[in-house]
Amino acid sequence: MGKRLSVLLAAGILIMTMAACGAKSDNSSGSSSESNKNEKVYKFATDAAYAPMEFMDKDKITGFDVEFLKAVMEEAGLEYELKNTGWDAMLTEVESGKTYDAGISSVSITPEREETYDFSIPYFESTNMIMVKEDSTIASAADLKDKKVAVQGATTAETLMAGIMGNDNSNLKRFDSNAVAMLELDSGGVDAVVADIAIVREYMKNNPERKLKGILDTASFGSEFYGILLPAGSELKAKLDPAVTKLLEDGTYTKIYKEWFGEEPNIDNVLNAK
Amino acid sequence: MHFRFEIIFDYIPLLLKGAALTIGISALAIVLGSILGLVVSFGKMSTRWYFSWPISGYIHFFRGTPLYVQILIVHFGLVPACIGHTDAIVAAVTALALNSAAYTAEIYRAGIQSIDKGQTEAAQSLGMTSGQTMRFIILPQAVKRMIPAFGNEFIVLIKDSSLVALIAAPELMYWSNVMRGQYLRVWEPYLTAAFIYLILTYSLSKLLGWMEKRGVTG
C-alpha cells in the first residue's frame, strides 16, 4: 500500500511539473509576440507533398499555392513565413492558432471542415479526375461502383467515393498519399485512382510510359474550391480576403495560374463560388 | 481544447471493426513470426556456413531497415510476385511476421544458449539424440526464460501493426485516418485509437504475466 501510494505521488508530481512547464512556456511566447507587435510575422503551415500545388524542390517549398500566397501577402502588406509541417501538424497547429496563424495546402472548403476551421474566400477551383489504364472500360464515376478504387485519405476524392461506394466498402482503399495510391494502380491492386485533377495530370505527365488516361465526370464530381485554412474567429481573414479578390480581378492570379498549369483559369467561377 | 465526442461515437463501429482486424493481423503475425523465428534461430546457430550466412543476412536486413519500407517492399514486390496481385492484408501479415521472426530468432538463440551445457551432456549420456535433447530438455527450460522477452516483442508488434495503414489494410489506424479525413480533426481519432491499442497491449501483457507465473510454478 505504501509503495503504491508513493508511485501515485511521484506520478502526481510529474504531471504537475509538466503542467507548470506548459504554463510557463505559454507565458513567455505570449510576451515575446507582444513586444514585436508592430511587424508581426504571420506563420503559415503546409504539407508540401502535393505536386504541383505545393511540394519540396530539394529543400525549398514551391508550387502554385506557394507562389499565390506570396502574391497575397505582398498585396496585403503582411510579413509571413511558410513552413512544411506535414498534414497532421498543420491541422492541429492551425486549429489551436498559437504557433501558426494559417495553413495553405490545397484544402477544399467543406461544411464539415467549417465546423472546426474558418476559411478565406475561395481561391482555386478544382475537380476530381478518374485515372485508369488506357485499355480500361471505365468511362464514368458510376462505373466505379463495384470496382476497386484507390484514393488518398483525407481528401475530397475519398469523401466522394465513400458517397458512391459506401463508407465501409472494402473495395475503396484509402492510402496515405496519392503516390502510393497510384503505385497500387500500377501493381494491378485497383482498377482506378480518383484524385485532384492537377495531381492526376502531373502524374500522367511524369509517367507517360505507364499508359494511363484521365476521365472527367463533371456530373458526378462537381467543382470544389480551395481556401486558406484559418483558426476559428481568425482576424487574418479580414486582411486576406480583399487581397485574394484583388489578385483574381487584376490578372496577377491568371499570370501565376498560367505559369503552373499552362492554361487560363475560370476566374468567374472562383469569384462567384460561395 | 474542445473534444468532439459525437464524432467518435459516429466512428465507433468502424474503429472496432478495425481493431478486430488489428487483433487478427497481429495474432497471425505473432504465430507465424514465432514459428519462423525458431527455424531462423536454428539456422543462425548452425555450424554450416550455407545456412548461417543467408540467415544472418536475413536478420540484419529485417532488424536494420525501417518496417515502413519493408511493408512497401512486401506489398508491391514480394506479394505480387507470389500470388500475382497485391493484397493488403496478406502483405500486412507477411511483413510483420518476417520482421518479427528476425527479432524472435535472437530471443530463441539467447534463451537456448543460456541453458547450461551440462544439461545437453547429461541428456546425451542418457542416450538422447540431439533432436530429443532440444525438444525435451533444452526448449522447455529455455521457453520459460524467453517469455518476458517475447511479451515485449508481441507488444511492439501490435503497435507496429498500425504502420500497415500505409498500404490501406483496413485496421484500426486506417479507420482513424478516415475519421481524421472527414472532419480534419487530429485528436479525436488518434487518442481514441491510442486508447484501444492500450487496451489490447495491456490485455496481452496481463495474459503473458499469467502464463509466466503458471510456467514458473507448473
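Which residues in H4(B) meet which residues in H6(B)? In this predicted model, B:Leu96, B:Ser100, B:Tyr103, B:Thr104, B:Ile107, B:Tyr108, B:Gly111 and B:Ile112 are the residues that H4(B) brings to the contact, and they meet B:Ile138, B:Ala142, B:Val143, B:Arg145, B:Met146, B:Ala149, B:Phe150, B:Glu153, B:Leu157 and B:Asp160 in H6(B). By class, the residues of this contact divide into 12 nonpolar, 3 polar and 3 charged. The two helices concerned span residues 88–113 (H4) and 130–160 (H6) of chain B, and their axes come within 9 Å of each other while crossing at roughly 150°. Because of that angle, H4(B) is roughly antiparallel to H6(B), and the crossing of H4(B) and H6(B) is right-handed.

This helix pair belongs to a chain that has 8 helices and 0 strands, so that the elements of chain B, read from the N terminus on, run α-α-α-α-α-α-α-α. Taken along the principal axes, the C-alpha atoms of chain B fill a box of roughly 70 × 45 × 25 Å. Of the 218 residues of chain B, 36% count as buried, and among the contacts in chain B between residues at least 6 apart in sequence, 73% join residues at least 24 apart.Chain A contains both kinds of element, with 10 helices and 15 strands. Of its 274 residues, 36% count as buried in chain A, and 72% of the contacts in chain A between residues at least 6 apart in sequence join residues at least 24 apart.

One of the sheets in chain A is an open sheet of 5 strands, in which the order is S11-S10-S12-S9-S13 and the pairing is mixed. S11 and strand S13 (212–216) of chain A stand at the edges of this sheet, and because each has a single partner strand, one side of each is left without a neighbour in the sheet. From one strand to the next, the twist averages 30°. The partner of the edge strand S11(A) is strand S10 (residues 149–152) of chain A, and the two pair in the parallel sense over 4 bridges; within this pairing, A:Val151 stands opposite A:Arg174 in S11(A).

In a regular strand, side chains alternate between the two faces of the sheet. In S11(A), A:Leu172 and A:Arg174 point one way, whereas A:Lys173 and A:Phe175 point the other way, and all of them are buried. Helix H5(A) lies across strand S9 (128–133), S10, S11 and strand S12 (192–196) of chain A, and runs at about 145° to S10(A).

Both H5(A) and S11(A) also take part in the interface between the chains. There, 24 residues of chain A are in contact with 19 residues of chain B. The elements of chain A that give two or more residues to the side touching chain B are helix H3 (87–96), helix H4 (111–114), helix H5 (156–165), strand S11 (172–175) and helix H6 (178–186). The residues on this side of chain A divide into 6 nonpolar, 9 polar and 9 charged.

A further open sheet of chain A has 3 strands in the order S2-S3-S4, with antiparallel pairing. Here strand S2 (49–50) and strand S4 (60–62) of chain A stand at the edges, and since each has a single partner strand, one side of each is left without a neighbour in the sheet. Strand S3 (residues 54–57) of chain A is joined to S4(A) by 3 bridges, and these two strands run antiparallel. A:Met56 has A:Ile61 in S4(A) as its bridge partner.

Elsewhere in chain A, A:Glu259 has its place in helix H9 (residues 252–261). A:Glu259 counts as exposed, because 10 C-beta neighbours lie inside 10 Å. The residue A:Phe64 is 195 residues away from A:Glu259 in sequence, yet the two are 8.6 Å apart in space, C-alpha to C-alpha.

Conventions:
Residues numbered from 1 in each chain as written. Chains lettered and ligands numbered in written order. Predicted model: local features only at pLDDT ≥ 70, side-chain atom pairs only at ≥ 80, totals over all residues. Axes fitted to C-alpha atoms, helices over the stretch in contact; angles between N-to-C directions. Parallel < 35°, antiparallel > 145°, perpendicular 65-115°, else oblique. Left-handed = near helix turned anticlockwise from the far one by under 90°. Contact = placed C-beta atoms within 7 Å. Nonpolar A, V, L, I, M, F, W, Y, C, P; charged D, E, K, R; others polar. Buried ≥ 20, exposed ≤ 12 C-beta atoms within 10 Å, placed from the backbone. Pairing = 2+ DSSP bridges.
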